[in-house]
Amino acid sequence: MEIYPEFTKLPATIPRKKNTAAQKDLNDRNSQKECVRTINENFGPRDLWCTFTYRRGCEPLDYDEALNNMRNYIRRIQRRRKRMGLPPTRYVGVIEWQEDEEKGIRCHHHVFFDGAMPMEEVEELWGLGDRNELRKLDYDENALNGVGFYTTKAPRGRKKWISSVGLRKAAEKKSYTKFSAAAVGRMAKDRDAIRTAMEKKFPGYWYLEGNARANCCNKQFYISARLLKKAELGDEVTVQYTKLEGMPVPPITGRFCRVTRLYTVETPRGPQEWGEVVDARGRKHNLPARALIKTGSGRTQRTKPRRKRKCT
């Protein structure tokens with residue numbers, strides 16, 4: 001959730017001089033935000049996060065060569081999947097490029113893949129480095145924000161990141177009446193007011209964190225908050241054990257559970273939401289609903305069907 005002022009016409013008090021450095025910083029932050037949202041929207045805990053490196057003698061000479069190496073690797077993945085009878089892969093890739101006078105050029109690639117292809121074959125097809133790292137995505141109350149922001153912390157080049165065709169875009173909604181100017185003023189002065197306002201406006205979400213800052217140019221407040229959608233009946237969830245401190249950890253089998261019941265428990269601290277889940281062996285467990293993290297679907301959605309090439 002982002003709250004910011006919108007001007008139909010810039011006030012005369014706002015300077016109109018172009019600030020190239022500030023605009024570049026804004027573009028980088030917007031690109032990073034879009035990349036992280038795309039990762040969250042299209043990948044889940046069954047998918048892969050890969051880091052590919054170069055062995056000595058195989059390092060790229062410039063950024064364009066590194067980008068070409070990544071694209072050639074994606075083509076090899078697509079050919080192998082076609083032979084295996086798998087659909088085209090979903091991916092998001094970022095090149096981390098660093099130049100140091102002493103150590104020279106340091107480059108590695110971060111790539112998110114869907115988990116349909118065996119991890120061993122995904123690594124085998126890279127072929128340019130040996131110290132690679134592949135793992136299943138970690139999914140918690142931050143969704144994939146942690147790994148997403150780490151991956152995009154130092155993008156470089158004309159294209160900050162590349163992705164496959166047909167990935168879903170995160171849905172965005174805009175409202176001009178959700179929060180009044182007085183409410184924004186209260187939230188800017190007190191962070192507890194951000195929590196109160198968000199929990200009141202969005203009862204179907206858990207409040208995670210929020211912050212407010214003032215813009216030195218237009219003297220207006222900008223407020224952002226992160227919320228997590230609550231698990232519902234039938235949802236597939238993972239259990240966040242850090243939310244079970246002080247409780248005996250149940251012997252849950254498998255990474256995923258299914259929510260079968262939601263109810264409220266009266267406690268000395270007030271009513272708390274709980275849920276009943278069933279693990280991979282069919283055993284039932286009762287846990288605080290705050291510890292049940294709804295997983296991402298990881299499904300793909302193509303915007304246009306692929307056209308078949310005509311042979312002449």
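A residue counts as buried when its relative accessible area is under 20%, as exposed when that area is over 50%, and as partly exposed in between. With that cut-off, both Tyr54 and Trp126 are buried in this structure, which is a predicted model.

## Aromatic pairs

Tyr54 and Trp126 also belong to the aromatic pairs, of which the structure holds eight. Their rings lie 5.5 Å apart, centre to centre, with 65 degrees between the planes, and the pair is edge-to-face. Tyr54 sits in the loop between strand 2 (48-52) and helix 2 (63-83), whereas Trp126 sits in the loop between helix 3 (119-124) and strand 5 (133-136), so this pair ties together parts that are 72 residues apart in sequence. Tyr54 and Trp126 are also members of a cluster, linked by ring pairs, that takes in Phe52, Tyr73 and Phe113 as well.

Phe202 and Tyr205 form another of the pairs; the planes of their rings stand at 85 degrees and the centres are 6.3 Å apart, so this pair is edge-to-face. Phe202 counts as buried at 16% relative accessibility, while Tyr205, with a relative accessible area of 35%, is partly exposed.

Rings also take part in contacts with charged side chains. The charged end of Arg213 sits over the ring of Tyr222 at 5.0 Å from its centre, and Lys230 lies over the face of Trp206, where the distance to the ring centre is 4.5 Å.

## Helix 2

Helix 2 is made of 21 residues and spans 31 Å from its first C-alpha to its last, which is close to the 30 Å expected at 1.5 Å a residue. Its buried residues are Tyr63, Ala66, Leu67, Asn69, Met70, Tyr73, Ile74, Ile77, Arg80 and Arg81. Viewed down the helix axis, these buried residues fall within an arc of 155 degrees, so they line one face of helix 2. Lys82 and Arg83, on the other side of the helix, are exposed. Just after helix 2, Gly85 adopts a positive phi of about 80 degrees.

One of the buried residues of this helix, Tyr73, is also part of the ring cluster that holds Tyr54 and Trp126.

## Strand 2 and the loop that follows

Five of the five residues of strand 2 are buried, so this strand is largely enclosed by the rest of the structure. Both of its faces are covered, with Leu48, Cys50 and Phe52 buried on one side and Trp49 and Thr51 buried on the other. Strand 2 pairs with strand 5 in the antiparallel sense over four bridges, and within this pairing Trp49 stands opposite Arg135 of strand 5.

In the loop between strand 2 and helix 2 lies Cys58, which is separated from Leu128 by 70 residues in sequence but by 6.3 Å in space, C-alpha to C-alpha.

## Cysteines

A search of the whole structure finds zero disulfides. The accessibility of three cysteines, including Cys58, is set out below.

| Cysteine | Relative accessible area | Class |
|---|---|---|
| Cys50 | 0% | buried |
| Cys257 | 3% | buried |
| Cys58 | 26% | partly exposed |

## Other strand pairings

An open sheet is formed by three strands in the order 1-8-7, with antiparallel pairing. Strand 1 (2-3) and strand 7 (205-214) stand at the edges, each with a single partner strand, so one side of each is left without a neighbour in the sheet. Strand 7 and strand 8 (residues 221-229) are joined in the antiparallel sense over nine bridges, and Tyr207 stands opposite Leu227 of strand 8.

Strand 9 (residues 236-239) has Glu236 and Thr238 pointing one way and Val237 and Val239 pointing the other way, and all of these residues are buried. Its pairing with strand 10 (residues 257-267) is antiparallel and runs over two bridges, with Val237 opposite Cys257 of strand 10. Three bridges join strand 9 to strand 13 (residues 292-294), again in the antiparallel sense, and here Val239 stands opposite Leu292 of strand 13.

Conventions:
Residues numbered from 1 in each chain as written. Heavy atoms only, no water. Phe/Tyr/Trp six-rings, centres within 6.5 Å; stacked < 30°, edge-to-face > 60°. Buried < 20%, exposed > 50% of the residue type's maximum accessible area, 1.4 Å probe, protein only. Lys NZ or Arg CZ within 6 Å of the ring centre and 35° of its normal. Expected span 1.5 Å × (residues − 1). Arc of directions from axis to C-beta. Disulfide = S-S within 2.5 Å. Pairing = 2+ DSSP bridges.
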